[in-house]
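Biologist: Could you take me through one part of this model up close, helix packing first and then the empty spaces? I'd like one connected answer rather than a list.

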Amino acid sequence: MIGSGTAPRRQRKIREQCGSCPDRFSRDKRQVVVEDSDTTEEESSTDEEERWKDVARAAEIPAEYYNIQKLVKYIKAGNQTATIVSLCCLQDYDLRTQINQFAIQDIGGLDVLVNILECNDTKCCLGALSVLSDITLNIDIRKTIVDLDGIPLIVDILSSSMKDLKTMAAETLSNVSKVRLARKYVRNCGGISKLVDLLDIKMSILQTPRDQLTVEEIECLDMARAGARALWTLADSKHNMEQMRKSGIVPLMANLLKSVHIDVVIPIMGTVQKCSSEPKFQLAITTEGMIADIVNHLKSECIDLKVEGSSALYKCAFDATTRDLVREAGGLEPLVAIIKDKSIRENKPLLRGATGAIWMCAMSDENVKELDEMNVIHHLVTLLADECDEVLTNVTGALSECVRFQDNREAVQRAGGLPAMVALLNSSHSPLLENLAKAIKECAEDPDSMRELESLDAVRLVWSLLKNNSPRVQANAAYAICPCVKNATDSAELVRSLVGAMELVVGLLKSKEIMVLSAVCAAIATIALDQTNLAILTDLRVIYKLADLVNTTDDMLRMNLAAAVAACACFGNNTEELGRLRTVTPIVTYMTSENPLVHRTTAMALEKLSMDPQNCITMHQSGVVPFLLECIGSTNKELQLAAAGCLRNIRELALRAEEYMLKIDDD
């Protein structure tokens, strides 16, 4: 018999161990919360949730409510046959309706259903799981199942030899695992490896239409679908994703992506999408050849497949090899087709995934050329009117990559993209501002675009981004200032017209972020090209702040810092002061870098510093001459001239010293 009439109810809460989940209740739940991020689950519903429940219960209660409670009573008190019949009758009701779920919960039916999972009668277990798979759509019921210690019992059923039992267990887990604490328990009970095993079915089944499969093959297919759905939910945890990888899910995912059964592909594509946020999975997805299958599903009519597929490409395409695979598989065309389709503009997840994938793919020059043939600039500019910050971030990111090429800068201007981008500079979304600054930096390299940016007061807005709290926004804004100042009609006057602009730039030299310091040094090197601006920077004691940074080992900062020193050294007594601040020897060490761009700006800085005799002596003692002689043989003319100029100054000082010594000897 099943129920309280013949068997005492188990006291699960006081046990030290439960099923295959050891130490489930040996520790206080509050301690568990600290140990694993998966367990961060609120213990009680919010006041708002409780209010809605009260409203639902206060509504007119249908007769079904009482009928369901009668059936639950039969399950509690009846024999085995009565239990099976009652479970079958329960399934005749719509258990996805909230009031019907309340009917089971209010009379204590959840504890009874979980208790049934321990019996050896497969029909009873199957009936209980069928009910649980429906009612666990309710978040409150999911939490109760976890509290009743139902997870290890359901996981144990995954080891059954019966396919329908395993299918229903996996379906139930796919719902219950939306609770964070449940995801941890499934992992600790060994449920992930069991669910991964459900995905291992023959390729012939995956490739054959459902109406041509035998009953047994359909059971295998349904089992794989249920397992994929459960793993899709469990993949919300990083720990679970790693466990899936160790359980060998990658080749199985590759096989399932080739399936003709959409109901199987959707959950496995969702799992791929979630797992692709992890570097190990990104590499595995590429090496297992999944990119071509993901691209193939982008051409499907199923919106859910497109959402998950485009999002997966967004996460994976940061790698150059993956970007090439997307292009070779013909993935750019369906991505552009998605953003062209005005009917999906309200589907933000799909739009976000497609624009993100285009952004990542546009990092490769070959992809940009192919995207240009599809007139992608026009479609991206149209999306600048979207209201979703994530979509706008991806769109501006894609534009920033495309406008690296002059043709696309002109295309953006023709499409009216500059006013839209400048208007977005008033946003408060940091990732969006970061990409906007990058895009405007590239557009400012074009003289015609720069004229339009000036008329839109873009320089002032970009400069104001230096006040943003995000280091990345600050860095990109500082880099954007360089071409804006360089290509402005009257750059010197433009900078001086911005109140507090130079003070803001110099103040950022106190930043703790290397990327910000590097970008600000590049901006100072450009601003200081005007003598009046250089005088103002000198009054702001810029050389003292630059001197504090010379001992860096970062090549990017070295390159821009040397350029800033070269620009600032030639005013007043800055050359002598920089020598007194002991900047010469550290700058000489920059020549040991393997980056030729560092050599170029370092030679320029040394040439300016060598105008002071004492600095020449310091350079010579620091062993700079061999490096300069090597640089003279460079193919870079700027580097050649700077190195030669520095050697000339050192040689002139040496000759004057030699002449002076000869005069002393003659006397």
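**Helix packing and empty space**

Modeller: Let's begin where two helices touch: I68, L71, Y74 and I75 of α3 meet T83, S86, L87, C89 and L90 of α4. Sorted by class, that contact holds seven nonpolar residues, two polar ones and no charged ones. Keep in mind that this is a predicted model. As for geometry, α3 and helix α4 (residues 80-90) pack with their axes 8 Å apart, at an angle of about 155°. Angles over 145 degrees count as roughly antiparallel, so α3 is roughly antiparallel to α4. The α3 and α4 crossing is left-handed.

Now hold on to I75 and L90, since both turn up again, this time in the lining of the largest cavity. Searching the whole structure gives one cavity of 30 Å³ or more, and the largest cavity has a volume of about 30 Å³. Its lining is made of V72, I75, L90, I104, G109, V112 and L113. Two elements give two or more residues each to that lining, α3 (63-77) and α6. Of the elements, α6 gives the most, with three residues. In terms of class, the cavity lining has six nonpolar residues, one polar and no charged.

That brings us to α6 itself, and to its neighbour α7. Helix α6 (residues 109-116) and helix α7 (residues 122-135) have axes that come within 8 Å and cross at roughly 135°. That angle makes α6 oblique to α7. Their crossing is left-handed. On the α6 side, the contact uses L110, L113 and I116, which meet C124, C125, A128, V131, L132 and I135 of α7. By class it is nine nonpolar residues, with no polar and no charged ones. L113 is worth a second look: this α6 residue takes part in the contact with α7 and also lines the largest cavity.

So much for the enclosed space; what about the pockets? The largest pocket has a volume of about 390 Å³. It is lined by 17 residues, and those closest to its centre are A525, N560, A563, R600 and T601. Three helices each give two or more residues to this lining: α35 (514-527), α38 (555-568) and α41 (596-609). The largest share, six residues, is from α38. Its lining divides into 13 nonpolar residues, two polar and two charged.

Then there's the second largest pocket, with about 200 Å³ of space. Here 13 residues form the lining, and R472, A475, N476, Y479 and M515 lie nearest the centre. The elements giving two or more residues are α29 (430-443), α32 (471-487) and α35. From α32 comes the largest share, four residues. By class, this lining has six nonpolar, three polar and four charged residues.

If you want a link between the two pockets, look at α35. This helix gives two or more residues to the lining of the largest pocket, and it does so for the second largest pocket too. So to follow the picture on screen, start at the contact of α3 with α4, go on to the cavity that α3 and α6 help to line, step across to the contact of α6 with α7, and then move to α35 and the pockets it helps to line.

Definitions and conventions: Residues are numbered from 1 along each chain as its sequence is written. This is a predicted model: local features need pLDDT of at least 70, side-chain atom pairs count only at pLDDT 80 or more; totals for chains, interfaces and linings use all residues. Side-chain values use heavy atoms; hydrogens and water are left out. Axes are lines fitted to C-alpha atoms, for helices over the stretch in contact, and angles run from 0 to 180 degrees between N-to-C directions. Angles under 35 degrees count as roughly parallel, over 145 as roughly antiparallel, 65 to 115 as roughly perpendicular and the rest as oblique. A crossing is left-handed if the near helix is turned anticlockwise from the far one by less than a right angle, and right-handed if clockwise. Contact means heavy atoms within 4.5 Å. Ala, Val, Leu, Ile, Met, Phe, Trp, Tyr, Cys and Pro count as nonpolar, Asp, Glu, Lys and Arg as charged, and the others, Gly among them, as polar. On a 1 Å grid over the protein atoms alone, a cavity is a set of points where a 1.4 Å probe fits but cannot get out, and a pocket is an open set with protein on both sides within 12 Å along at least five of seven lines; lining residues have an atom within 4 Å of a point. Grid points are joined across faces, edges and corners, and a volume is the space filled by probe spheres set on the points.
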